[in-house]
Amino acid sequence: MTESRPAPTVVEHLLPPGSQSGPVDLSLVVPALNEAITVGEFVTWCRQGLQAAGVTGQILIVDSSTDATPDIVLGQGGEVLRVPKRGLGRAYIDALPYIRGRWIVMGDADLTYDFRELAPFVAEFRAGAEFVMGSRFSGSIEAGAMPPLHRYFGTPLTTWILNRIYRSRYSDIHCGMRGLTREALERINLKSQSWEYASEMVLKAARLGLRIAEVPVKFYKDREGRLSHHRRAGWLSPWIAGWINLKVMLVYSPDTFLLLPGLLLLGFGLGLSSALAWMGPVTFAGIGFNLHWMLLGLTCATLGYSCVQIGIVARIMHGLRKGIAQSVQAWLVYDRGMVTAGLGVLAGLLLVGRLGWHYIQGGMRLENISYSGIFGLLLILLGFQTFAFTLLLEMAQRVISRPNRP
């Protein structure tokens, strides 16, 4: 079973002899890349798990191997989807049209997750769960199965970060064994091509408000003679995977750490700048508020406004959360946005023009600091930002509403 075969160049769905296609309760969808050592026993585990759970099932191996993996799967009665593009996330994207079950369980074909124990997933599905996350920490981890760096640092840290950002309660976001309904997989609309699919899936499940459950799973070390894909790729691979997963968390949540801080910065900056523009330098509670405070206010206002804009655009693009983004989009239509931007710039130009007039009258010299003139510069900046933001919202709306082309 070690003979080589060419890598697939087109998508090809292979069925075992005598198989029948049709709807089933549970589809086991598992990517595989050169897993000839383990995949035969893995398919046997899948059949045992389906039988023990009392459900009809489909065993679908998404394969890009150059070894005998697909032949072994077909020989054991499983289906093979040969795909040319590699990557865990890509495998689930390619598999979606071929999934026949109303429920789906995902995992690895390397015998590290025990697919003989599918019953807990099925029980949660029957209880109404839409996304069922496996947890190695609430289950069991065989000695040597997980490097100490992953077990005690990497996975707990990234899980904590995601839970803080998305207000979720996962205990193991990187567990490869997880389940969801077919409808949930379609709603999640995976975009990630590689390892980062794991974080995208769990964070979108939280953002979309799916009914989430968690079940304990067993995690075993690699079989003798098999190297994990991380080890095959070198010592840097786990670090790259962690970095990519962190990137996905941030890309799908800029609104979380930009909107509220941005609003606070904008309010503080506008309040401080407005007060100083109206009263000039003042002393309050023993603190002298002068030019430096005025510049701080200007900086906070412009930075805060930028954060708010990026956060709103992110919400509109992802479409995962409703609220302030829809309100802003409904209010800041093109005409209203342009008028608001124009009025802001005009008011700023008047204040700056007044400063320019005093400058000319003073023989091209300014004797005093003009706080109102600095405030005018702020209004020009915010007016231009509003102009650009209005155009950006219009473009985003046109892209979102554009019909898909074949």
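Visitor: Why does Arg-136 count as buried?

Guide: This model is predicted, with local features needing pLDDT of at least 70, side-chain atom pairs counting only at pLDDT 80 or more, and totals for chains, interfaces and linings using all residues. Residues are numbered from 1 along each chain as its sequence is written, and side-chain values use heavy atoms, with hydrogens and water left out. Buried means under 20% relative accessible area, exposed over 50%, and partly exposed in between (1.4 Å probe, protein chains only). Arg-136 has 7% relative accessibility, so Arg-136 counts as buried.

Visitor: What makes the pair Arg-136 and Asp-172 a salt bridge?

Guide: A salt bridge requires a side-chain nitrogen of Lys or Arg within 4 Å of a carboxyl oxygen of Asp or Glu. The side chains of Arg-136 and Asp-172 meet at 2.7 Å, N to O, so the pair satisfies the definition. Asp-172 is buried too, with a relative accessible area of 0%.

Visitor: How do you know that Arg-211 and Glu-130 form a salt bridge?

Guide: Their closest N and O atoms are 3.9 Å apart, and the limit is 4 Å, so the pair qualifies. Arg-211 lies in the loop between α7 (197–207) and β8, and Glu-130 in the loop between α4 and β6 (131–141), so the salt bridge ties together parts 81 residues apart in sequence. Helices (H or I, at least four residues) and strands (E, at least two) are DSSP runs, numbered from the N terminus.

Visitor: Why are helices α11 and α12 called roughly perpendicular?

Guide: Helix α11 (residues 291–318) and helix α12 (residues 324–331) pack at an angle of about 100°, with their axes 9 Å apart. Axes are lines fitted to C-alpha atoms, for helices over the stretch in contact, and angles run from 0 to 180 degrees between N-to-C directions. Angles under 35 degrees count as roughly parallel, over 145 as roughly antiparallel, 65 to 115 as roughly perpendicular and the rest as oblique. The two helices are therefore roughly perpendicular to each other.

Visitor: Which residues make the contact between α11 and α12?

Guide: Contact means heavy atoms within 4.5 Å. Ile-312, Arg-315 and Ile-316 of α11 meet Ile-324, Ala-325, Val-328 and Gln-329 of α12.

Visitor: What makes a set of residues a nonpolar core?

Guide: Such a core is a set of buried Ala, Val, Leu, Ile, Met, Phe, Trp, Tyr and Cys residues joined through side-chain atoms within 4.5 Å. The largest nonpolar core here has 76 residues, and Leu-118 is among those with the most contacts inside it. Helix α1 (residues 39–53) gives the most to this core, with 7 residues.
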